[in-house]
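Dear colleague,

Please find below the structure I am handing over for your consideration. My findings follow it.

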Amino acid sequence: MSLAIRRARSDEAGLVFSLVRELADYEKLLHEVQASEADIADALFGENPRLYCDIAEWNGEPAGFTVWFVNFSTFAGRHGIYLEDLFVRPPLRGNGIGKALLVHLARECVANGWSRLQWAVLDWNAPSIAFYKSLGAELMDEWTICRVSGPALAVLAEGAR
């Protein structure tokens, strides 16, 4: 059995989009996917990409992926990685693929002198939470994620609140 991790190629927007949809389905959030394959292609491979994707291949076949971007900590005074998506196809779980993807991103941080790797996990996802804790992840329960989107974003942009 062989595992390889590599950066997604420009002809793989369809694969990345498919993995995004598989992740959303696993998280019972498929109804929230508004992106298209073209949106993913533009974000990853457009003129000024700010999003990155790494593909894990198990025996030469796509097994999972990460989608991430560089963020910045004003407290640390350094950049880091925000992991937007991590997904391993269910039949291939238990082979170390998820851990290898996180190790890959941790090495990216260390190689660039970045201060941290962070992400969010759904509170009902006990297997993932246990997995992340086993790798040394600290769950930051004192922080609450905030989001403004859809019509509320438009209203806020108008200064109407």
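Which residue stands opposite Asp 54 in E2? In this predicted model, that position is taken by Arg 7.

The pair belongs to the contact between two neighbouring strands. E1 is joined to strand E2, residues 52-58, by five bridges, and the two run antiparallel.

These strands form part of an open sheet of five strands, ordered E1-E2-E3-E4-E5, in which the pairing is mixed. Its edges are strand E1 (3-7) and strand E5 (117-119), each of which pairs on one side only. On average, and with direction ignored, neighbouring strands of the sheet are turned by 30° against each other.

Helix H1, comprising residues 13-26, lies across three of the strands: E2, strand E3 (61-73) and strand E4 (78-88). Relative to E4, helix H1 runs at about 75°.

I would also draw your attention to Ser 115, which is located in the loop between helix H3 (97-112) and E5. Is this residue buried, partly exposed or exposed? Ser 115 counts as partly exposed because its relative accessibility is 28%, which falls between the limits of 20% for buried and 50% for exposed. Leaving aside residues up to four places away in sequence, Ser 115 touches Ser 73, Ala 76, Arg 78, His 79 and Gly 80. As for Gly 136, the C-alpha atoms of Ser 115 and Gly 136 are 15 Å apart in space, with the two residues 21 apart in sequence.

Yours faithfully,
A colleague

Conventions: Residues numbered from 1 in each chain as written. Predicted model: local features only at pLDDT ≥ 70, side-chain atom pairs only at ≥ 80, totals over all residues. Heavy atoms only, no water. Pairing = 2+ DSSP bridges. Helix = DSSP H or I, 4+ residues; strand = E, 2+ residues; numbered from the N terminus. Axes fitted to C-alpha atoms, helices over the stretch in contact; angles between N-to-C directions. Contact = heavy atoms within 4.5 Å. Buried < 20%, exposed > 50% of the residue type's maximum accessible area, 1.4 Å probe, protein only.
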